[in-house]
Amino acid sequence: MPTAPRICPLCEATCGLTLTIEGTRVTGARGDRDDVFSQGFICPKGASFGEVDSDPDRLRTPLVRKDGVLQEATWAEAFDTVAARIRPLVDAHGPNAVGIVLGNPNVHTMAGALYPPLLIGALRTRNLFTASTLDQMPKHVSSGLLFGDPFAVPVPDLDRTAHLLMLGANPLESNGSLCTAPDFPGKLKALRKRGGTLTVVDPRRTRTARLADRHLPIRPGADALFLAALTHTLFDEDLTDLGALDGHVEGVEEVREAVREFTPEAVAAACDLDALTIRTVARELAAAPSAAVYGRIGSSTVSHGTLASWLVDVLNVLTGNLDRPGGALFPLSATTPAPRPAGPGKGFALGRWTSRVSGHPEAKGELPMAALAEEIETEGEGRIRALITIAGNPVLSAPDGRRLDAALEALDFMVAVDPYLNETTRHADVVLPPPPPSQSAHFDFAFNGFAVHNQARFTPAAVPLEEGRMDECEIHARLVLAVSGMHGASPSAVDDLAIETTLAKAVTQEYSPAHGADPRAFAATLTGATGAERRLDLMLRLGPYGLTLDALREQPHGVDLGPLMPRVPQLLKTRSGRIELLPEPLAADLPRLRAALDTRPDALVLVGRRHLRSNNSWLHNAPSLNGGSNRCTLQVHPDDADRLGLADGKPARISAEGGELDVEVEITDAVRSGVVSLPHGWGHDRPGTRLTVAAARPGVNVNQLLDGSRLDPLSGTAVLNGFPVVVSPLL
């Protein structure tokens with residue numbers, strides 16, 4: 001039976017798969033033992049690839065709204081409609097009349113990496129909203145301020161570290177995030193087996209916490225206080241040692257002064273951890289032969305998310321573990337431009353513009369997703385009148401989905417690039433459905449930048465493009481043409497212009513492999529069956545390893561580019577050319593953290609949770625993934641259940657400032673007292689969707705408990721964890 005290699009696009013681990021093919025259909029998936037990165041590891045999501053790929057609810061033709069009803073249409077009709085509706089709105093009301101929403105699945109495809117920047121550039125809109133402000137933006141902001149580059153995100157060197165301190169992460173369920181690591185569970189077990197130490201800080205006793213040497217059930221939202229106390233202890237007990245970073249860091253003494261008040265004794269009550277334990281963690285971190293601190297969504301989507309993300313790397317710096325083997329290192333992707341010489345850069349700025357209604361500052365060119373509804377609803381110059389969503393479902397993933405649901409109805413026009421009619425795309429006037437992943441080539445542009453081992457893998461489409469389908473890259477290219485006034489031009493013009501623009505810059509840079517070359521001659525050497533593949537080939541040729549697309553094609557299981565290596569000072573792009581340990585925006589936010597020392601803890605707060613068989617809102621329609629432990633229940637500690645009169649398996653009502661929900665109770669001591677847990681991504685109960693399996697077990701939308709007012713001010717990230725709730729039994 002024929003087989004084909006394929007990189008799994010269903011989570012950040014990017015495992016290699018071997019697909020079984022019958023005719024033009026994927027009938028099975030197993031781990032690729034020869035994959036240079038994943039070496040045969042597979043999780044339930046990867047095993048379900050064929051089922052997800054052939055989901056009968058996937059749209060197969062474009063939809064265009066006629067007389068208020070979405071109807072099947074030709075591709076030509078769909079793009080004609082986009083061109084006819086978008087440009088007049090831009091001409092009449094300006095580029096900010098169009099908003100763009102990029103969802104999480106967008107970064108799991110080649111098209112999603114290559115074309116949205118061109119779409120944003122073509123429209124010149126400042127109204128960009130992405131899943132980052134529901135997840136990882138605090139890390140991008142802290143990295144931008146520390147290192148001058150928001151994409152310079154250090155990852156723990158899992159294969160070599162002797163000590164891992166992990167906050168707000170549950171990689172045994174999530175497979176990792178901002179740390180691309182196939183078989184994350186196996187790597188943690190290997191750490192323990194070689195005598196290393198794993199400390200997990202999490203209000204829930206997750207599967208990851210149960211594997212740890214030490215589990216600290218912190219009070220939700222107190223991560224920044226805990227990290228500040230660790231930092232204080234390093235200074236207080238003279239445990240700092242910059243190691244090889246000495247001479248490349250400024251602001252150390254300023255940090256010492258900034259954390260002076262955050263003693264372990266001062267933060268103990270707020271964290272609900274004793275001071276001696278906090279000091280012990282700091283001492284062990286400093287004494288370890290190598291160590292890494294790693295924080296993820298539980299420490300990111302809280303009120304001090306950017307400060308927590310910053311302090312993670314402050315600890316890595318102060319213990320000499322940043323940019324050293326066994327510590328936290330910066331990956332070097334094969335498509336990253338060849339490294340420039342070390343020296344000062346342009347730095348990173350926040351708040352270059354603000355949102356129109358509430359004045360939220362931009363971060364990394366984005367506005368908070370929580371502000372999208374008000375930008376549509378509020379009349380006046382600059383109101384969003386048209387929206388383009390790409391692989392996004394903010395009605396479920398953003399706070400106050402009911403408000404956004406109603407706001408989308410007020411749009412003049414909406415386009416969705418999405419394979420499904422979901423809770424968001426049901427509002428679209430045009431839906432452009434990409435083909436299943438088996439019919440698309442794949443390269444991980446985004447996740448290779450967070451990988452724990454440098455490698456490069458390319459997999460061509462496993463089966464031919466089905467008749468009537470359009471390649472996803474062509475869909476994106478035609479969308480760019482339709483909104484830019486070039487409707488009707490060949491989609492290759494988009495890729496040709498991107499190549500021409502990239503080469504025009506590269507040939508002038510002394511450190512570029514294309515320096516001094518004739519741009520047209522260089523472009524003529526590029527290979528690839530499509531414009532997107534030619535662009536990939538160009539990026540590989542201009543990258544740090546001198547690879548080509550043909551070289552990757554010859555190695556279907558990938559090219560091993562070696563372990564992560566130190567990259568400081570070359571990667572730094574700060575204005576000083578050094579790591580700026582206490583940038584002004586972070587210093588200005590510290591008084592807010594100091595105020596938290598005296599804040600009375602809320603009686604009951606909510607945290608989310610991840611499921612191994614899910615990825616946010618977009619895998620609930622696969623039968624094999626919608627069951628087992630993947631349940632939308634409210635987890636409650638037995639003591640809280642007794643106090644509140646809750647019964648296992650019975651309904652309860654949970655309420656907060658954004659609304660209330662009725663949900664089944666699951667009593668478990670896996671969640672600490674004073675905390676309840678409800679998973680993210682559910683709520684598939686709206687009419688007009690085509691998600692048969694998901695609608696049969698809809699669950700409730702946890703984000704409906706929020707009204708969008710709770711944000712981390714530096715990053716604009718929604719506070720999705722650690723907010724107060726009231727729970728009562730339903731009689």
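## Strands that sit side by side

Which residue is the bridge partner of Ser655 in β26? In this predicted model, that partner is Glu660. The two residues belong to a pairing between strand β25 (residues 651-656) and β26, which run in the antiparallel sense over six bridges. A hairpin of two residues makes the connection from β25 to β26.

β26 also has another partner. Spanning residues 659-667, β26 pairs with strand β24 (residues 634-636) in the parallel sense, this time over three bridges. Here you can look for Gln635, which stands opposite Glu666 of β26. As you trace these strands, keep in mind that in a regular strand the side chains alternate between the two faces of the sheet.

## An enclosed helix

Now turn to helix α19, which covers residues 472-483. From its first C-alpha to its last, this twelve-residue helix reaches 17 Å, close to the 16 Å expected at 1.5 Å a residue. Because ten of its twelve residues are buried, α19 is largely enclosed by the rest of the structure. Among the buried residues are Cys473, Ile475, His476 and Leu479.

Both ends of α19 are worth a visit. Asp471 caps the N-terminal end, placing a side-chain oxygen 2.9 Å from the backbone nitrogen of Cys473. Just after the helix comes Gly485, with a positive phi of about 85°.

## Unusual backbone spots

Most residues other than glycine have a negative phi, and most peptide bonds are trans. With that in mind, have a look at Leu178, which is not a glycine yet has a positive phi of about 50°. Leu178 is found in the loop between α7 (171-174) and α8 (184-193), and its relative accessible area of 4% makes it buried.

Ala391 is another non-glycine residue with a positive phi, here about 55°. Its loop runs between β15 (386-390) and α17 (394-397). Ala391 counts as buried too, at 18% relative accessibility.

For a cis peptide bond, go to the step from Val568 to Pro569, where omega is near 10°. Pro569 is located in the loop between β21 (559-563) and β22 (579-580).

## Salt bridges

Side chains of opposite charge can pair when their charged atoms come close. How many salt bridges does the structure hold? There are 43. One of them joins Arg87 to Asp91, with the closest N and O atoms 3.3 Å apart. Both residues lie in helix α3 (residues 75-93), four residues apart, or about one turn of the helix. Arg87 is partly exposed at 22% relative accessible area, whereas Asp91 is exposed at 58%.

Another salt bridge brings together Glu375 and Arg356, 3.4 Å from N to O. This pair links distant parts of the chain, 19 residues apart: Glu375 is in helix α16 (residues 372-377), and Arg356 is in the loop between β14 (328-329) and α16. Glu375 is buried at 0% relative accessibility, while Arg356 is partly exposed at 28%.

Arg592 and Asp712 form a further salt bridge, their closest N and O atoms being 3.6 Å apart. Since Arg592 lies in helix α24 (residues 584-596) and Asp712 in strand β28 (residues 711-712), the pair ties together parts that are 120 residues apart in sequence. Arg592 is partly exposed, at 29%, and Asp712 is buried, at 0%. Finally, Asp236, Glu237, Glu265, Arg279 and Arg283 are joined into one network by salt bridges that share partners.

Conventions. Residues are numbered from 1 along each chain as its sequence is written. This is a predicted model: local features need pLDDT of at least 70, side-chain atom pairs count only at pLDDT 80 or more; totals for chains, interfaces and linings use all residues. Side-chain values use heavy atoms; hydrogens and water are left out. Two strands pair if DSSP finds at least two bridges between them. The expected span of a helix is 1.5 Å times one less than its number of residues. Buried means under 20% relative accessible area, exposed over 50%, partly exposed in between (1.4 Å probe, protein chains only). A polar contact is a pair of N or O atoms within 3.5 Å; within protein, one must be able to donate a hydrogen and the other to accept it, and residues adjacent in sequence count only if both atoms are side-chain atoms. A salt bridge is a side-chain nitrogen of Lys or Arg within 4 Å of a carboxyl oxygen of Asp or Glu.
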